[in-house]
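Please work through the following exercises with the model open beside you, and try each task before you read its solution.

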Amino acid sequence: MAYIQLEPLNEGFLSRVSDLLLCRWTCRHCCQKCYESSCCQSSEDEVEILGPFPAQTPPWLMASRSSDKDGDSVHTASDVPLTPRTNSPDRRCSSSDTSKSTYSLTRRISSLESRRPSSPLIDIKPIEFGVLSAKKEPIQPSVLRRTYTPDDYFRKFEPRLYSLDSNSDDVDFLTDEEILSKYQLGMLHFSTQYDLLHNHLTVRVIEARDLPPPISQDGSRQDMAHSNPYVKICLLPDQKNSKQTGVKRKTQKPVFEERYTFEIPFLEAQRRTLLLTVVDFDKFSRHCVIGKVSVPLCEVDLVKGGHWWKALIPSSQNEVELGELLLSLNYLPSAGRLNVDVIRAKQLLQTDVSQGSDPFVKIQLVHGLKLVKTKKTSFLRGTIDPFYNESFSFKVPQEELENASLVFTVFGHNMKSSNDFIGRIVIGQYSSGPSESNHWRRMLNTHRTAVEQWHSLRSRAECDRVSPASLEVT
């Protein structure tokens, strides 16, 4: 449906605004220049409507039309042009022309609205979203056609997984009597209490009973009827700062009555797990782990304290660690000197039943596969945590440094027979492990600076297997 193009109003600013509004829906060519009204010329040609009609006549036009009918010369704020006000005759003439233009524009808009087409009624059906298919499927799941009997259901279970004879280490749901009858490793009596005044945890190892007979790993054990038990105490996950009781000779019912304190905050203690490991001492072979007891400290009242009898369970660690050694290395290229500091050791393997150990460290310089120099520290009596703080210096030219190896061997001093071997490490060209190789590289990269590092001791057989330098020393 089309309408007659209107005659543009060129009287003043209001005529331009009128042309702007009418051009929005009467002329298709003035989208770019409708403010200038360059294309809105007087013509009787019909034009196509490009946009929707306004819903109603603008209020400012209705106000102007009513004011014109009443003969009132007062104009609203919207009809006042944006030019400065003056009292000249030209202004009064312009105001009269503006009123006439507004009235003419209002009459034309009213006539157009009377001929405005009615909006068609559209019947919209609800839209169903989903996969288009000829056949609709039911929403509810269909009923299973096959029925299962209880025999078919329980046939899927494996009874061995739920048997108490399983090799699983999960014993959380077993009582102490069931654990004792299953493993037959004995029981341990101990107590714990936290001191809020001094901020330390006290662990008391009281006694053990019904320990099993000893087991010899290599057949070198002489007494197969009695054990030489002792207990190692630590707070997991920290296994380095552990404590150790004395060894009780030839007994399956040892009485320890020893107390140990751990300097630890109360909140941190509640996050730890107390681990008690019962070990069988053997002078001529590796010490054997009898069993262990672990107690999460969050499950007990540390302030009130208490004591318990707990059944021992098997440990995945069959052999006891040999201990750790703290060393410092420093090389001076100008002097061609390799300086070694033996600082301390901790938790060394006990070699004497009655008084612990009398440990000392032997340091041997190996160039290639040839033993060059041997030095050793003094021995300290009756301890497994010795402090040495002794320094040694070896003359090693810089061109020979890459072929040098240092063999550190910890012995227990024995005046009646040969010294008791505890552990060994090799640092240098033929290192005994990744930790030792890392220490040597750090020393080579930082000349004139001492480099400290802890090392876990290894057995003689392990060092001989991976390091040719270990085979050249005794």
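The exercises below concern a predicted model, and they take up a helix and then a sheet.

**Exercise 1.** Determine which residues of helix 7 are buried, and where they lie around the helix axis.

*Solution.* Begin with the extent of the element: helix 7 covers residues 434-445, and its twelve residues reach 17 Å from the first C-alpha to the last, close to the 16 Å expected at 1.5 Å a residue. Next, apply the cut-off for burial, which is under 20% relative accessible area; the residues of helix 7 that are buried are Glu436, His439, Trp440 and Met443. Viewed down the axis of helix 7, these buried residues fall within an arc of 95°, and they therefore line one face of the helix. Finally, turn to the face directed away from the buried side, where the exposed residues Pro434 and Asn445 are found.

**Exercise 2.** Name strands that cover the buried residues of helix 7.

*Solution.* The cover includes strand 11 (324-332) and strand 12 (337-346), together with strand 16 (404-412), strand 17 (420-428) and strand 18 (451-456).

**Exercise 3.** Establish the strand order of the open sheet that contains strand 3, and identify its edge strands.

*Solution.* Four strands make up this open sheet in the order 7-4-3-10, with antiparallel pairing. Strand 7 (255-263) and strand 10 (306-311) each pair on one side only, and these are the edge strands. On average, neighbouring strands of the sheet are turned by 20° against each other, direction ignored. Within the sheet, strand 3 (residues 187-195) and strand 4 (residues 200-209) pair over nine bridges, and His189 stands opposite Glu207 in strand 4. As a last step, locate helix 5 (residues 176-183), which lies across strand 3 and strand 10 and runs at about 35° to strand 10.

Terms used: Residues numbered from 1 in each chain as written. Predicted model: local features only at pLDDT ≥ 70, side-chain atom pairs only at ≥ 80, totals over all residues. Heavy atoms only, no water. Helix = DSSP H or I, 4+ residues; strand = E, 2+ residues; numbered from the N terminus. Expected span 1.5 Å × (residues − 1). Buried < 20%, exposed > 50% of the residue type's maximum accessible area, 1.4 Å probe, protein only. Arc of directions from axis to C-beta. Contact = heavy atoms within 4.5 Å. Pairing = 2+ DSSP bridges. Axes fitted to C-alpha atoms, helices over the stretch in contact; angles between N-to-C directions.
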